[in-house]
Each structure stands twice: as C-alpha cells, then as structure tokens.
Amino acid sequence: MNISEHVKIVEAIAPQVGAAITGDYISLKKAGHVTVLVHVAQGHADPVAITIEQATVVAGTDSKVITNAVPIYLVADSATSDAWVRQTDDVDYTTSATLKHKLVAFEIDAASLDVANGFDCITVKTAASNALNVTSAVYLLSDLRYGVGASAIVD
C-alpha cells in the first residue's frame, strides 16, 4: 500500500519548544478516522500534557475537549524501540518525565465526536512545558470519503 494514496497526511504542529501549543484544526467531514501522531523530544524532565479538542469549524469556534475516551498508544523511547504499547483510553495523555524521544498516538473515529451538536473538527494541544522539550504532530486521516485530494483544512 502506498500511504500517500490512501492516507491524508496533514501537519498539526510544526516542531516547537516549551510553550503551550494549539495545533491546526482539521475537519473530519471527509474522513471516518484520524490518528493524531505526536512526537516529543523530551530534553527536560518536565512532562508534556497533550489533549485533543473538538470544534464546529476549522477556525476553532466553540472548541472543547473531546468527551469520549479514545485509544492511546505510546512508544516510550523511539530511539531504541518501535513497539507501540496501548495506554488507558482517555481524552488526554501526559508523558513521563523521562528524557527520551516519545511517540504518542490518539486513535479517533469521527463518529465519536459530539456530532449531534455539530462538532466535526479537531485539534491537538499541549500545555506549557520546558523550552528543552520539542513537540511536533501530524494528522493521519483514513477511511477517506473523497480520496486524498479532498482538503481537511477547510470546512
């Protein structure tokens, strides 16, 4: 399978340090599932808190934390392992203080959002951390309704 022909890849957070970060908002109107893949290069023993929020439009209107717990997976030291370990399903995740390169994946079905109230967009956010912690993230959209050419960054 060629990933670029079957999965829509959208940058959520360009590599950034320390401060509270709000990723780009994307719409799930054209996708049934998204994996939010967060990379944390933890250079300081200050944990990084990651949350997923939902909104009614890609401008972030009425943004609120997702209400349904989603599967979360972790690679605790991506420099030495590629083994994903399932964490407790939740709406957020906080890394350990261990100085490692970490991968965190949130698996979100579009139907699990508050669709009854018009929520069909998401973002990934991190709380403020130490300036030695570098965070980046991408959205991997699948179960595409209109192929990879359909934009996820517009409503």
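This report describes the nonpolar core, the aromatic side chains and the salt bridges of a predicted model.

## Nonpolar core

The largest nonpolar core holds 31 residues, and the members that touch the most others are V36, F106, I122, V124 and Y139. Seen by strand, at least two residues of this core are supplied by each of β1 (8–17), β4 (31–42), β5 (49–55), β7 (72–75), β10 (101–109), β11 (121–126) and β12 (133–144). Among these strands, β4 gives the largest share of the core, with 5 residues.

## Surroundings of F106

F106 is one of the core residues that touch the most other members, and its contacts can be followed along the sequence. When neighbours within four places in sequence are set aside, F106 is in contact with V34, T35 and V36, with I50 and I52, with V70, P71 and I72, and with V91, D92 and Y93. The list therefore includes V36, which, like F106, belongs to the core members with the most contacts to other members, and D92 also appears among the contacts of F106.

## Aromatic rings

A search of the whole structure for aromatic pairs returns 0. A charged side chain is nevertheless placed on a ring, since K64 lies over the face of F119, at 4.4 Å from the ring centre.

## Salt bridges

The structure contains 5 salt bridges by the rule applied here. One of them joins E53 to K125, with the closest N and O atoms 3.0 Å apart; this pair links distant parts of the chain, as E53 is in strand β5 and K125 is in strand β11, 72 residues apart. With a relative accessibility of 11%, E53 counts as buried, because the limit for a buried residue is under 20% relative accessible area.

A further salt bridge is formed by K100 and D77, whose closest N and O atoms are 3.5 Å apart. This pair, too, links distant parts of the chain, with K100 in the loop between β9 (92–94) and β10 and D77 in the loop between β7 and β8 (85–86), 23 residues apart. The two partners fall into separate accessibility classes: K100 counts as partly exposed at 32% relative accessibility, whereas D77 is buried, with a relative accessible area of 16%.

R86 and D89 also meet through their side chains in a salt bridge, at 2.8 Å from N to O. Here R86 counts as partly exposed at 45% relative accessibility, and D89 likewise counts as partly exposed, at 34%.

Methods
Residues numbered from 1 in each chain as written. Predicted model: local features only at pLDDT ≥ 70, side-chain atom pairs only at ≥ 80, totals over all residues. Heavy atoms only, no water. Core = buried A, V, L, I, M, F, W, Y, C linked by side-chain atoms within 4.5 Å. Buried < 20%, exposed > 50% of the residue type's maximum accessible area, 1.4 Å probe, protein only. Helix = DSSP H or I, 4+ residues; strand = E, 2+ residues; numbered from the N terminus. Contact = heavy atoms within 4.5 Å. Phe/Tyr/Trp six-rings, centres within 6.5 Å; stacked < 30°, edge-to-face > 60°. Lys NZ or Arg CZ within 6 Å of the ring centre and 35° of its normal. Salt bridge = Lys/Arg side-chain N within 4 Å of Asp/Glu carboxyl O.
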